[in-house]
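User: I'm new to reading protein models. Could you walk me through one, a feature at a time?
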2 protein chains.
Amino acid sequence: MSGSEIILDIDVGSPYTYLALELSPRRAQGVPVRLRPVLIGGIFKASGNHAPATNPTKGRYMLRELQELATQYGIPFRFPSRFPINTLLPQRVLAAADLAGRVDPVAHAVFRAYWVEDVDVSTPQGLAPVLDALGDGELLARASDQDVKDRLRESTDAAVAAGVFGLPAFHVGDRFWWGHDRIDLALRAAISAG
Amino acid sequence: MSGSEIILDIDVGSPYTYLALELSPRRAQGVPVRLRPVLIGGIFKASGNHAPATNPTKGRYMLRELQELATQYGIPFRFPSRFPINTLLPQRVLAAADLAGRVDPVAHAVFRAYWVEDVDVSTPQGLAPVLDALGDGELLARASDQDVKDRLRESTDAAVAAGVFGLPAFHVGDRFWWGHDRIDLALRAAISAG
């Protein structure tokens with residue numbers, strides 16, 4: 001009765017994806033949410049889209065809105081001192097975690113490190129203690145393995161092929177919805193498809 | 001106890017503004033929502049932002065999402081055959097309606113004509129029957145009056161000065177929120193300020 005699964009595309013560089021990641025366990029009503037690490041830079045490049053904060057007026061607004069949404073949802077949030085960051089390394093680590101069946105705890109920890117604790121997760125030095133605390137320290141070395149690189153590329157390509165132009169994206173079957181507040185539309189589709 | 005008012009910036013060329021306009025009476029919980037006609041082209045120009053559908057991948061997504069949101073909300077919606085349109089004339093008509101204390105019924109009728117009935121509201125021929133049906137036919141001639149032009153320019157300038165980069169925008173005091181689904185944040189602010 002729980003419907004089909006939702007795939008949630010994630011990149012740690014996206015603040016609204018952090019909100020989606022924190023909200024989805026509360027909102028999912030028992031529908032499985034499968035996290036899929038993708039590379040947001042690849043999605044922007046393929047779709048011709050740009051990060052919203054590229055426009056300074058929009059960026060100023062979003063900084064205020066993010067804080068307000070986090071407060072409303074009761075989600076800890078502190079905008080990091082380094083933004084944007086290059087997310088290739090952390091996304092490869094998340095892809096490695098995905099292959100190891102560890103993406104849920106690792107993603108939550110890496111996102112929290114960046115979006116709450118101001119850890120520079122773009123570097124091995126920033127990531128190592130976060131992974132070590134979970135007992136997943138070996139994922140850092142896995143980041144340079146070919147199967148991990150391939151996994152991240154394939155997941156990104158799959159998102160692009162589905163029409164994704166920004167994150168977060170929630171997929172149900174061959175449809176997707178964009179934006180952290182669209183989880184309810186994805187959920188409705190998942191339940192009616194289940 | 002109804003809190004301070006919400007100002008809702010509107011331009012008939014914006015599909016998400018149509019959703020906001022239709023939803024706001026249902027959601028406002030007694031808080032007054034004052035409609036302020038602005039020129040979205042002026043907002044994009046001043047903020048350096050672009051219409052979301054400028055990106056074709058995003059545009060395809062939005063077409064699907066709009067239909068789905070309208071269905072979910074129970075709002076009639078049919079994407080018009082002419083899009084985008086030049087909204088200078090209809091926005092001047094709405095500014096004239098604003099000055100005449102008639103913006104609520106005129107805005108709802110003009111938005112419905114475009115977003116449901118596929119009327120080309122960019123032209124006098126399209127607008128005339130819509131206005132005549134309301135007994136507001138004289139607003140069309142008013143569109144070229146200097147005080148009406150000034151009103152539209154001043155309202156657009158006020159939105160830009162507040163930091164608006166896209167529509168719909170809900171203002172409460174000196175803060176605003178962007179997007180039809182942010183009415184709840186504006187409402188919360190209006191009620192706590194009231």
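Analyst: Sure, let's begin with B:His171, which lies in strand β3 (residues 169-172) of chain B; strands (E, at least two residues) and helices (H or I, at least four) are DSSP runs numbered from the N terminus. Keep in mind that this is a predicted model, where local features need pLDDT of at least 70, side-chain atom pairs count only at pLDDT 80 or more, and totals for chains, interfaces and linings use all residues. Residues are numbered from 1 along each chain as its sequence is written, chains are lettered from A and ligands numbered from 1 in the order in which they are written, and side-chain values use heavy atoms, with hydrogens and water left out.

User: Is B:His171 buried or exposed?

Analyst: Buried means under 20% relative accessible area, exposed means over 50%, and partly exposed is in between (1.4 Å probe, protein chains only). B:His171 has a relative accessible area of 5%, so B:His171 is buried.

User: Which side chains does B:His171 join in polar contacts?

Analyst: A polar contact is a pair of N or O atoms within 3.5 Å; within protein, one must be able to donate a hydrogen and the other to accept it, and residues adjacent in sequence count only if both atoms are side-chain atoms. The side chain of B:His171 has one with B:Asp9 at 2.6 Å and one with B:Arg36 at 3.3 Å.

User: How much area do chain B and chain A bury between them?

Analyst: The size of an interface is often given as the accessible area lost when the parts come together. Here that buried area (1.4 Å probe, summed over both parts) is about 2300 Å², with 50% of it on carbon and sulfur atoms. B:Lys58, B:Tyr61 and B:Arg182 supply 22% of what chain B buries against chain A, more than any other three residues.

User: How many salt bridges are there between chain B and chain A?

Analyst: Look for a side-chain nitrogen of Lys or Arg within 4 Å of a carboxyl oxygen of Asp or Glu. The count between the two chains is six, and one of the pairs meeting in a salt bridge is B:Asp181 with A:Arg182, at 2.7 Å, N to O.

User: What turn lays chain B on chain A?

Analyst: Copies are superposed by least squares on the C-alpha atoms of residues with pLDDT of at least 70 in both. A turn of 180 degrees, with a shift of 0.0 Å along the axis, lays chain B on chain A with an RMSD of 0.0 Å. That is the relation of a two-fold axis. In chain B, B:Asp181 comes closest to the rotation axis, its C-alpha at 4.2 Å.

Technical notes
Buried area is the accessible area (1.4 Å probe) that two parts lose on being put together, summed over both.
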